[in-house]
Amino acid sequence: MALHRPFLRSLVSLWLLSGLDPSVALAQPADELVITPVRKQAATPPAATGKKPSVLDAHGPKLVVVLVADQFRADTIARYRAMIGAGGLQRLSKGSTAIGHYGQQNTYTGPGHALIASGAYGYLNGITQNKWYNRVTRRSEAMMFDSTARVHGDKGGDADDETSPRNLVGTTVFDELRLRNRESKVVAVALKGRGALLLGGQLGSAYFFSEQSGVFTTTSYYGPDLPDWVKRWNSRKLADAAFGQKWERLLPATQYQGRDDGPSEGEVKGMGKTFPHPLTGGLHAPGPSFYEALTHSPVGLDLEIDFALAALMEEKLGQRGVPDVLAVSVSGTDLVGHVYGPTSHEYQDMVGRLDRGVAKLFSELDKRFAPGELLVLFTADHGAVPIPEDLAREQLQAGRIKKAAIKDVVQKALTERFGPGEWVVALEDPSIYLDEALVTQAKVDPQLVEEVAGKATLALPGMLGFVTRSQLLRGALPQTEAARAISRSYFPPRGGDVVLFTAPYYFWGKYGEKAVGSTHGSFYRYDTDVPVMMLGPQLLPGDHGVIEMVDVAATLSHLLGLTPPPGCEGRPVLRMLRPVYVP
Ligand SMILES: [Zn+2]
């Protein structure tokens, strides 16, 4: 499984010295996305009244529905077509579609949601990793941890708690909508805290599932208490009602690709590796382990959709004369993908469940809104890498890199060169954080320390290269897409001293520590490419090729008549829109 050393060295030197550029051929520059002449040719003729329709005549949507599938590769729908029914993803696929490309390295949940909502890369929006080392508090914290806020109903006090969107720098499209019109409501729902918080933004609201208590909650950031309708929904104890149920397949087993008992599949909270999966969490009555198991099953997904529909009705979204936003980040696909792998029967089943959930959402929306009153976006926060052990069995070079191995080689190299000490204070993928005091004591340029640390990691099978903090701050990077992707994911106040990147199909971090399951987080196409599907009166149906994910926020802003969020680097994808006359 180890990379051939000379091959690895030559790849590294290629990347560092001569500008190997893995993605430029497929990632189009944003400027090329504006195709004005085509729009003019395709424009609808003036109305029979002789009055040309104006862009000012266009009525905005009553409701914007944002659906984010957590961990959903661009090829998922084509690959698992058998799982797709008629009213959900298929309906979306008949809209205006594209492949969305994340142009930053850190393809994790927080950074993906932050980029979707803000159109800004992590270097500007500040959300670059799921966890980071806080040099002030001297500990690793969740990127969405905020010491001034706490989750309603949870015991709190843990640096892993996701308690507010405060670390998001700047605004989201939905914040901008609220800034324009405070009557507009933004309601975001997810099982995961970060999925909801980043879509809810600074000015909206966000609800997520508590694995401590089995209900939907929010944080004190958004207000001192839960709304009454949320309390009423929670009092129905729908999660508890699923105790003891089994997760059975949605469709006959013959419809699923591959095998159910993959040798490198994991399992969680007594659910087992194969269907049917019992949902008790190994408990005799509902409790935290059971609630965690639920999030890894269709029950969690269904609860999420049910809660989103309750928000739609209780908040009267889209029915108050101002545009509102309902954002749903479907977390279950990611949770199942991590444990069982992105090609497992379990993941395939969750794709089918997601599709049925979207169909249910549409059927309720259809009862309340006329055609043309909705603007719907479906996309994903990142893709996924296949289970490396499965690839290794196919004779591909693939594997996991243990944190202890990274720490050992760095510690050894820095001690030999600069003297003893606990040099590594934290490893939060993809960053190594070094002890600042020891670096100062070494009385050398910090870049030298960073380089010695980075070079030491290249001895590990699967580690392909690194970029140092000094390089990033000075802009001393090769002119490659890969280097650009890394720098776009680097926010100096929260960044490490060395940023690592692996060869394709290798990874490290939380899921690198295990021997089962898989993850995401690289600048490789399996992680960066996701579907973008939009429906609405201004959207032009058809396949529009590859767009940059930062263009999504710009396009939404354009459709809502808003100035994009301040850090947005995208452009409206005009080729995805119907032509309009501007007098
Ligand atoms: Zn995610």
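Two strands count as paired when DSSP finds at least two bridges between them. Keep that in mind for the first stop, and remember throughout that this is a predicted model.

**Stop 1: strand β18**

Select residues 529-535, which make up strand β18. This strand is mostly covered, with 7 of its 7 residues buried. Show the side chains and look along the strand: D529, P531, M533 and L535 point one way, while V530, V532 and M534 point the other way, and all of them are buried.

Now add residues 96-101, strand β2. Strands β2 and β18 run antiparallel and are joined by 6 bridges. To find your bearings, pick H101, whose bridge partner in β18 is D529. Next, add strand β11, residues 374-380. Strand β11 also pairs with β18 in the antiparallel sense, over 3 bridges. Here a handy landmark is L377, which has M534 as its bridge partner in β18.

**Stop 2: the zinc ion**

Which residues coordinate the zinc ion? Select D70, T109, D381 and H382: they donate through OD, OG1, OD and NE2 respectively, at 1.9 to 2.1 Å. The site has 4 donor atoms and is tetrahedral, with angles of 94 to 118° among them. Along the sequence, the spacing of the donor residues reads D-x38-T-x271-D-H. Both D381 and H382 are buried.

**Stop 3: aromatic rings**

A search of the whole structure finds 19 aromatic pairs. A good one to begin with is W229 with F307, a tilted pair at 5.1 Å centre to centre and 35° between the planes. W229 belongs to helix α9 (residues 228-235) and F307 to helix α11 (residues 298-314), so this pair ties together parts that are 78 residues apart in sequence. W229 is buried at 7% relative accessible area, and F307 is buried too, at 0%.

Keep F307 selected and add W233. Their ring centres are 5.1 Å apart and their planes lie at 85°, so this pair is edge-to-face. W233 also sits in helix α9, so its pairing with F307 in helix α11 ties together parts 74 residues apart in sequence. W233 has a relative accessible area of 6% and is buried.

To see the wider setting, select Y207, F209, F216, W229, W233, F243, F290, Y291 and F307, which form one aromatic cluster.

**Stop 4: charges over rings**

Select R91 and F362: the charged end of R91 sits over the ring of F362, 4.2 Å from its centre. Then move to R494, whose charged end sits over the ring of W132, 5.8 Å from the ring centre.

**Stop 5: backbone oddities**

Most residues other than glycine have a negative phi, and most peptide bonds are trans. The last selections are exceptions to look up one by one.

Go to the loop between β8 (246-247) and β9 (277-278), where P276 is found. The peptide bond from F275 to P276 is cis, with omega near -10°. K269 lies in the loop between β8 and β9 as well. Its phi is positive, about 50°, although K269 is not a glycine. K269 counts as partly exposed, at 33% relative accessibility.

Next, center on P430, in the loop between β13 (424-428) and β14 (431-434). The bond from D429 to P430 is cis, with omega near 5°.

Finish at Y505, in the loop between β16 (498-502) and β17 (506-508). Y505 has a positive phi near 70° and is partly exposed, with a relative accessible area of 27%.

Methods: Residues are numbered from 1 along each chain as its sequence is written. This is a predicted model: local features need pLDDT of at least 70, side-chain atom pairs count only at pLDDT 80 or more; totals for chains, interfaces and linings use all residues. Side-chain values use heavy atoms; hydrogens and water are left out. Donors are N, O and S atoms within 2.8 Å of the metal (3.2 Å for Na, K and Ca); water is not among the atoms, so sites may look incomplete. Four donors count as tetrahedral if all angles lie between 85 and 135 degrees; four count as square planar and six as octahedral if opposite donors are over 155 degrees apart and all others between 65 and 115; anything else is irregular. Buried means under 20% relative accessible area, exposed over 50%, partly exposed in between (1.4 Å probe, protein chains only). Rings of Phe, Tyr and Trp (its six-membered ring) pair if their centres lie within 6.5 Å; planes under 30 degrees apart count as stacked, over 60 as edge-to-face and the rest as tilted. Helices (H or I, at least four residues) and strands (E, at least two) are DSSP runs, numbered from the N terminus. A charge sits over a ring if NZ of Lys or CZ of Arg is within 6 Å of the ring centre and within 35 degrees of the ring normal.
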